[in-house]
Amino acid sequence: MYSDIFSRVYDAFGWNYYPESFAQLLLRWIEEMEIKVKSMLDLGCGTGVLCGIMQEHSISTHGMDLSTGMIAMAKEKYPNIPFDVGNMVTWKPENTYDLVTSTCDALNHILDQEDVKKVFRNVYSYVNAGGSFLFDLLREGEAEECEPVDLGELDGKRLQFQIYHPGENLVTLQTDLFDGETLVNTEKIQERLYDPEWIMTELKKAGFSEVQCTDQLLKEHDSHAATWFMIARK
Ligand SMILES: C[S@@+](CC[C@H](N)C(=O)[O-])C[C@H]1O[C@@H](n2cnc3c(N)ncnc32)[C@H](O)[C@@H]1O
């Protein structure tokens with residue numbers, strides 16, 4: 001769970017660069033695929049950056065996230081976009097959408113395989129016919145272990161960040177806040193690596209007809225992304 005502290009770290013230390021660059025990729029992908037996207041829902045929307053950019057491009061957006069801190073920041077930044085707090089495993093919107101997205105390993109935060117299956121079944125129920133569910137997945141080797149590094153200061157306190165693998169297929173992102181030499185807050189975010197083949201099988205079982213896994217979302221890209229993109233069409 002992203003606490004209020006971690007939510008503030010997200011934008012303050014530039015971690016919002018990912019949804020910003022993803023939005024540009026997504027806009028080009030929509031153009032390349034020649035699909036009509038009038039409405040979009042972003043699951044695990046964080047501080048709302050992707051929704052904000054897509055809304056500027058005349059797509060009606062809606063965001064949801066488990067973290068009240070993330071949603072509070074999203075609402076403050078984009079007061080005209082609807083944002084909800086919820087768990088994507090159980091949460092269901094009232095509307096349906098042409099496109100459902102989930103970015104920056106939001107899906108990897110779901111640790112139980114049965115819960116991932118529930119997300120897929122839920123999403124299938126609220127994507128419009130012909131619409132898509134597009135999300136990224138952490139790729140093995142992408143979240144390399146790293147020694148604690150100082151990120152800078154948050155409210156005059158030193159912020160340290162590290163990544164480690166507490167077990168097979170598990171990744172922990174840890175932030176520690178120090179007042180002088182005293183540790184005043186620790187936060188651990190757990191993620192799980194998933195086999196893209198398993199993900200594709202489960203998307204099909206949930207009802208999606210065309211399912212694709214790629215590290216090149218755009219045809220003309222000659223360099224490969226450090227992440228898997230999963231695209232499921234209803
Ligand atoms: C790494 S952040 C990515 C945020 C945003 N998508 C972005 O690209 O900046 C992962 C987000 O997933 C959210 N999240 C994790 N588990 C979730 C769940 N079960 N339901 C909804 N959101 C969840 C977290 O609260 C967090 O905001």
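Which residues is M200 in contact with, leaving aside its neighbours within four places in sequence? Select M200 to begin; the model on screen is a predicted one.

**Stop 1: M200 and helix 6**

M200 lies in helix 6, residues 196-205. Leaving aside neighbours within four places in sequence, its contacts are V211, Q212, C213 and M230. The residue is buried, at a relative accessible area of 15%. For a sense of scale, select N128 as well: M200 and N128 are 72 residues apart in sequence, and their C-alpha atoms are 19 Å apart in space.

**Stop 2: the cysteines**

From M200, move to its contact C213. C213 counts as partly exposed, with 24% relative accessibility. How far is the sulfur of C213 from the closest cysteine sulfur? The distance is 17 Å, to C104, so the two are too far apart for a bond.

Select C104 next. C104 is also partly exposed, with a relative accessible area of 23%. The cysteine sulfur closest to that of C104 is in C45, 12 Å away, and this too is too far for a bond. A disulfide would need the sulfur atoms within 2.5 Å. Searching the whole structure gives zero disulfides.

**Stop 3: Y10 and helix 1**

C104 is one of the residues touched by Y10, so select Y10 now. Y10 is placed in helix 1, a helix that spans residues 4-12. Is Y10 buried or exposed? At 12% relative accessibility, Y10 counts as buried. Not counting residues up to four places away in sequence, Y10 touches Y2, W15, N16, T47, M70 and C104. Adding S60 to the selection gives a C-alpha to C-alpha distance of 24 Å from Y10, for a separation of 50 residues in sequence.

**Stop 4: helix 4**

Follow the contact from Y10 to M70. M70 is one of the buried residues of helix 4, which runs over residues 68-77. The buried residues of this helix are G69, M70, I71, M73 and A74. What covers the buried residues of helix 4? The cover includes helix 1, strand 2 (60-65) and strand 3 (83-85).

Then select S67, which caps the N-terminal end of helix 4. A side-chain oxygen of S67 lies 3.3 Å from the backbone nitrogen of G69.

**Stop 5: the annotated domain**

Select residues 41-131. An unreviewed UniProt entry annotates this range as "domain: Methyltransferase". In the model, the chain over these residues is 35% helix and 25% strand. The C-alpha atoms at the two ends of the range are 12 Å apart.

**Stop 6: salt bridges**

How many salt bridges does the count come to? The count is five, and three of the pairs can be visited here.

Start with E114 and K117, whose closest N and O atoms are 3.0 Å apart. Both belong to helix 5 (residues 113-126), and because they are three residues apart, about one helical turn separates them. E114 counts as partly exposed, at 42% relative accessibility.

Go on to D150 and R158, where the side chains meet in a salt bridge at 3.1 Å, N to O. D150 is partly exposed at 48% relative accessibility, and R158 is partly exposed with a relative accessible area of 23%.

Then select D215 and R139, a salt bridge whose closest N and O atoms are 3.1 Å apart. This pair joins distant parts of the chain, 76 residues apart. D215 sits in the loop between strand 10 (210-214) and strand 11 (227-233), while R139 sits in the loop between strand 5 (127-138) and strand 6 (146-154). D215 is buried, with a relative accessible area of 11%, whereas R139 is partly exposed, with 22%. The side chains of D215 and R139 also make a polar contact, at 3.1 Å.

**Stop 7: E191**

End at E191, in strand 9 (residues 182-192). E191 is buried but has no salt bridge. Which side chain of opposite charge is nearest to E191? It is that of R192, 11 Å away from E191. A salt bridge would require the nitrogen and carboxyl oxygen to be within 4 Å.

To see the surroundings of E191, select D105, N108, H109, L111, L138, N169, L170, V171 and L173, which E191 touches when residues up to four places away in sequence are not counted.

Terms used
Residues are numbered from 1 along each chain as its sequence is written. This is a predicted model: local features need pLDDT of at least 70, side-chain atom pairs count only at pLDDT 80 or more; totals for chains, interfaces and linings use all residues. Side-chain values use heavy atoms; hydrogens and water are left out. Buried means under 20% relative accessible area, exposed over 50%, partly exposed in between (1.4 Å probe, protein chains only). Helices (H or I, at least four residues) and strands (E, at least two) are DSSP runs, numbered from the N terminus. Contact means heavy atoms within 4.5 Å. A polar contact is a pair of N or O atoms within 3.5 Å; within protein, one must be able to donate a hydrogen and the other to accept it, and residues adjacent in sequence count only if both atoms are side-chain atoms. UniProt positions are given in the numbering used here, feature names are shortened, and annotations may be inferred rather than shown by experiment. Lys and Arg count as positive and Asp and Glu as negative; His and the chain ends are not counted.
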